[in-house]
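Work through the following exercises with the sequence and the structure at hand, and try each task before reading its solution.

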Amino acid sequence: MPPPPGGTVDFDVLLLGGGLSLLYAPLLAARGLRVAVVEQHRAGQAHREWNASWAELQALVQDGLLDQAALEGLLLARYQHGVCRWHGGGEQQVRGVLDCAVDAAALLQLARQRAEAQGVTFFDACRCLAVGANDSGVRVLCRRDAGELCLRARLVLDGRGAQSPYGQTDLICPTVGGVMEGLRFDPRVGDILATTQHVEDGRQYIWEGFPGRAGQIAIYLFYYAPRRSVGPGALQALYERFFATLSQFKSGRGELVRPTFGLIPGWSRLCRGPAAPHQRIVLVGDAAARHSPLTFCGFGATLRSLQPVSQGIAAFVASDRLGGRPVLPASLVDDRPLHTATGALARVMAQPPPNDPAALNTLLNVAFGTLEEMGNEAFAALLQDRMALGQFTEFLQQTSKRFPQVYPLVWRSLGSAALLRWSAAVGTSWLRHRVRWRAA
Ligand SMILES: Cc1cc2nc3c(=O)[nH]c(=O)nc-3n(C[C@H](O)[C@H](O)[C@H](O)COP(=O)(O)OP(=O)(O)OC[C@H]3O[C@@H](n4cnc5c(N)ncnc54)[C@H](O)[C@@H]3O)c2cc1C
């Protein structure tokens, strides 16, 4: 369904999906672009809670979306530090990671207000059915009320999350939980990752706990899994486990006041990742899965991408308006070299060796202990996708020295072919990075 050659466009950019990716809309409009948002429900309604670090949140201020006072007004809580805790092992502390709980609903409402003030058009209750692109533009077919709507644009930003038809990935992270009251917790500490059991039924279940408003804490239970192994009913089954095992994680008579759940796509980088069929369709957010395959922090990844994405798209549209042959800057589709390395670890988490249920917790305890010893900066850098490949190699070396069983464990989980692909990809990525660094 491509647009007719030379046809006029209704908008410069059509954003499909008004979840977290709504943040791009006011930024693009502020750069003088005609923007519209197509959302099957109502754009700007957060159904999740988000944590990020104060440093990561500064992107919202630097990009002009908020001022410092408005950002502070969005914070529900700020912690002194975060902890990672492993069943049968110890506890490691880290500062400056996921230590700010953000009122996601208020953030997106604010983004919508800013967008509306800048003339962004909203198509709420409008479901995108099909997208077609060619060198002259993109056409999007939608269903709204009982009728169909056809919109034309120079470029589409696909922010449909896990529902994007292009966002196919090999991993998925089913996550359930929500905001709870009545539990005992320390409001100054975030539980970044915690396990209370060893691997069960081939899955390592992991808890997170992030204090929010007074007396409230957002608790999540999740696991890593190969995408093909997660069918309908996975979230319901996980909720059953959530309530059955919550007391292992937090004490008290917990009441779920706001459920939040979802399937977060993850890409191990060991296979082909999400890709759009034409450069005029740009994947963002979960649809692009450029976030860490290990931490699945889509919020942090989106914050980092706000400036390069809005800048790159503005440049593309400017060239397109002049009738040039615009090319998307590589920075829009580029991936962090570190993700090539951590992707294999995510696969191991998703396919732990079945014959030794305690092995994964032992490995995690050693690995996070190594990180803690490497210092807070290294620890935070890995969790925030900032660690350089050289330092990551050092981390792997130190971990394997302390826990040599890591080799057979990884080999049993990945198999020889994936292990070879991983080594080659990490080597290539490291070399490419070195060449670029030297050239710069
Ligand atoms: C329980 C939970 C807690 C999380 N906590 C954190 C956290 O603390 N920190 C962090 O960094 N990340 C967190 N994440 C991850 C983060 O929420 C996601 O990465 C982020 O929401 C992805 O945003 P998105 O806009 O790409 O997709 P989504 O938020 O999934 O939004 C997609 C939007 O597209 C719309 N849509 C889909 N299909 C169509 C269609 N055909 N037509 C029109 N509209 C459509 C949907 O209705 C939806 O509004 C969490 C995720 C979950 C599930």
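**Exercise 1.** State into which domains the chain of this predicted model is divided, and describe how domain 1 and domain 2 meet.

*Solution.* Begin with the division of the chain, which gives domain 1 (11-75 + 103-167 + 271-332), domain 2 (171-266) and domain 3 (337-439). Next, take the C-alpha centres of domain 1 and domain 2, which lie 28 Å apart; 12 residues from domain 1 and 17 residues from domain 2 take part in the contact. Then turn to area: the two domains bury about 1,300 Å² between them, and 54% of this is on carbon and sulfur atoms. Finally, on the side of domain 1, Glu49, Ala162 and Phe296 supply 45% of the area buried against domain 2, which is more than any other three residues supply.

**Exercise 2.** Find which parts of the protein form the shell around the ligand, and list polar contacts that the ligand makes.

*Solution.* Start with the count: 30 residues surround the ligand, and the closest are Glu39, Trp50, Asn51, Asp286 and Phe299. By class, this shell holds 10 nonpolar, 14 polar and 6 charged residues. Then assign the shell to domains, since domain 1 and domain 2 each give at least three residues to it; among its elements, strand 3 (50-52), strand 9 (126-134), strand 17 (252-266) and helix 6 (298-321) each supply at least two.

For the contacts, look at oxygen atoms of the ligand: one lies 3.1 Å from a backbone N or O atom of leucine 20, one is 2.9 Å from a side-chain N or O atom of glutamine 40, and one lies 2.7 Å from a backbone N or O atom of asparagine 51. As a last step, consider cover: of the 1,000 Å² of accessible area that the ligand has on its own, the protein covers 94%.

Terms used:
Residues numbered from 1 in each chain as written. Predicted model: local features only at pLDDT ≥ 70, side-chain atom pairs only at ≥ 80, totals over all residues. Heavy atoms only, no water. Near = heavy atom within 4 Å. Polar contact = N/O pair within 3.5 Å; in protein donor to acceptor, adjacent residues only side chain to side chain. Areas by Shrake-Rupley, 256 points an atom, 1.4 Å probe, with all protein chains shown as cover. Helix = DSSP H or I, 4+ residues; strand = E, 2+ residues; numbered from the N terminus. Nonpolar A, V, L, I, M, F, W, Y, C, P; charged D, E, K, R; others polar. Domains from an automatic or database assignment. Contact = heavy atoms within 4.5 Å. Buried area = accessible area lost by both parts, 1.4 Å probe.
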